[in-house]
Amino acid sequence: MAPSPGSAGGSKVGEEVRNGSAVVKISKVHEADGILMDGGTRSGGAEAKYVALETVVFNDTKSGMDLTCSRPIVSSPIDDQGHRYDPIDDLNRIPGNPQCDERLQPGSKDQMVFAYRVPRSAKITAWEFSESDREPSTIDLGGTSPT
């Protein structure tokens, strides 16, 4: 069952949250008009903005994970209306993110920025993630503010 809009249970930014064998800790959430990519800044345009989550991902599986291109972690920010948004393409082009086919090995951690293009009016209140086809875990973001 999906959480109600704005409902995220007890998990908050700064806490490690497990879903299956993937453990994610969000260190920072920010909104911006554009997002820095290899080769320049990608603009959200007049009607959109970017929401970026700076995270640390721990791989507690038995094999490597390609975080940027194979996307073993399915994720969505959720707004106060219950809308869910898909990650942008080319997560591997965000400076500091792992490259395609750069596998996070079992027992290892890596920094990862998850980024989403959302309507400018969206008030993001939560983030959900899951490993493959598992029921998602939800983290309360408490709403975001531009940085």
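**Close-up views of an all-strand chain**

**View 1. Thr41, a strand residue at the surface.** Thr41 is found in strand β4, which covers residues 40-43. Please keep in mind, here and in every view below, that this is a predicted model. Is Thr41 buried or exposed? Thr41 has a relative accessible area of 61%, so Thr41 counts as exposed, the cut-off being over 50%. Which residues does Thr41 touch, once its neighbours within four places in sequence are left aside? The answer is Gly34, Ile35 and Leu36. You can also look for Ile94 in this view: Thr41 and Ile94 are 53 residues apart in sequence, while their C-alpha atoms are 9.8 Å apart in space.

**View 2. The whole chain, for orientation.** Let us step back for a moment before the next close-up. How many helices and strands does the protein chain have? There are 0 helices and 11 strands, so reading from the N terminus you meet β-β-β-β-β-β-β-β-β-β-β. The C-alpha trace spans about 45 × 40 × 25 Å along its principal axes. A compact globule of 147 residues would have a radius of gyration near 15 Å, and the 14 Å of this protein chain agrees with that. Of the 147 residues, 45% count as buried. The accessible surface comes to about 7400 Å², and 45% of this area belongs to carbon and sulfur atoms. Contacts tell you about the path of the chain too: among those between residues at least 6 apart in sequence, 68% join residues at least 24 apart.

**View 3. Lys109 and Glu16, a salt bridge between exposed residues.** Side chains of opposite charge can pair when their charged atoms come close. Here the side chains of Lys109 and Glu16 meet in a salt bridge, with 3.7 Å from N to O. Where in the chain do Lys109 and Glu16 sit? Lys109 belongs to strand β9 (residues 109-119) and Glu16 to strand β1 (residues 16-19), so this pair links distant parts of the chain, 93 residues apart. Both Lys109 and Glu16 are exposed.

**View 4. Lys49 and Glu31, a salt bridge between buried residues.** In this pair, the closest N and O atoms of Lys49 and Glu31 are 3.1 Å apart. Lys49 lies in strand β5 (residues 48-59) and Glu31 in strand β2 (residues 22-32); the two are 18 residues apart, and again the pair links distant parts of the chain. Are these two residues buried or exposed? Lys49 has a relative accessible area of 7%, so Lys49 is buried, the cut-off being under 20%. Glu31 also has a relative accessible area of 7%, and therefore Glu31 is buried as well. For the wider picture, the count for this model comes to 8 salt bridges. The protein chain carries 16 positive and 22 negative side chains, and the centres of the two sets lie 2 Å apart.

**View 5. Asp90 and Arg93, part of a small network.** The side chains of Arg93 and Asp90 meet in a salt bridge, with 3.8 Å from N to O. Which residues are joined into one network by salt bridges that share partners? They are Arg42, Asp90 and Arg93. Arg93 has 31% relative accessibility, so Arg93 counts as partly exposed. Asp90, at 33%, is partly exposed too. Look at the backbone of Asp90 as well: its phi is positive, about 65°, although Asp90 is not a glycine. Asp90 has its place in the loop between β7 and β8 (103-104).

**View 6. Asn92, a buried loop residue.** Asn92 lies in the loop between β7 and β8. Why does Asn92 count as buried? Its relative accessible area is 14%, and buried means under 20%, so Asn92 falls in that class. Leaving aside neighbours within four places in sequence, Asn92 is in contact with Asp38, Thr68, Cys69, Asn97, Pro98, Gln99 and Cys100.

**View 7. Arg71, a loop residue with a positive phi.** Where is Arg71? Follow the chain to the loop between β6 (65-66) and β7 (73-79), and you will find Arg71 there. Its phi is positive, about 50°, although Arg71 is not a glycine. With a relative accessible area of 26%, Arg71 is partly exposed.

Note on methods:
Residues numbered from 1 in each chain as written. Predicted model: local features only at pLDDT ≥ 70, side-chain atom pairs only at ≥ 80, totals over all residues. Heavy atoms only, no water. Helix = DSSP H or I, 4+ residues; strand = E, 2+ residues; numbered from the N terminus. Rg over C-alpha atoms; globule rule 2.2 N^0.38 Å. Buried < 20%, exposed > 50% of the residue type's maximum accessible area, 1.4 Å probe, protein only. Contact = heavy atoms within 4.5 Å. Areas by Shrake-Rupley, 256 points an atom, 1.4 Å probe, with all protein chains shown as cover. Lys, Arg positive; Asp, Glu negative; His and termini not counted. Charge placed at Lys NZ, Arg CZ, Asp CG, Glu CD. Salt bridge = Lys/Arg side-chain N within 4 Å of Asp/Glu carboxyl O.
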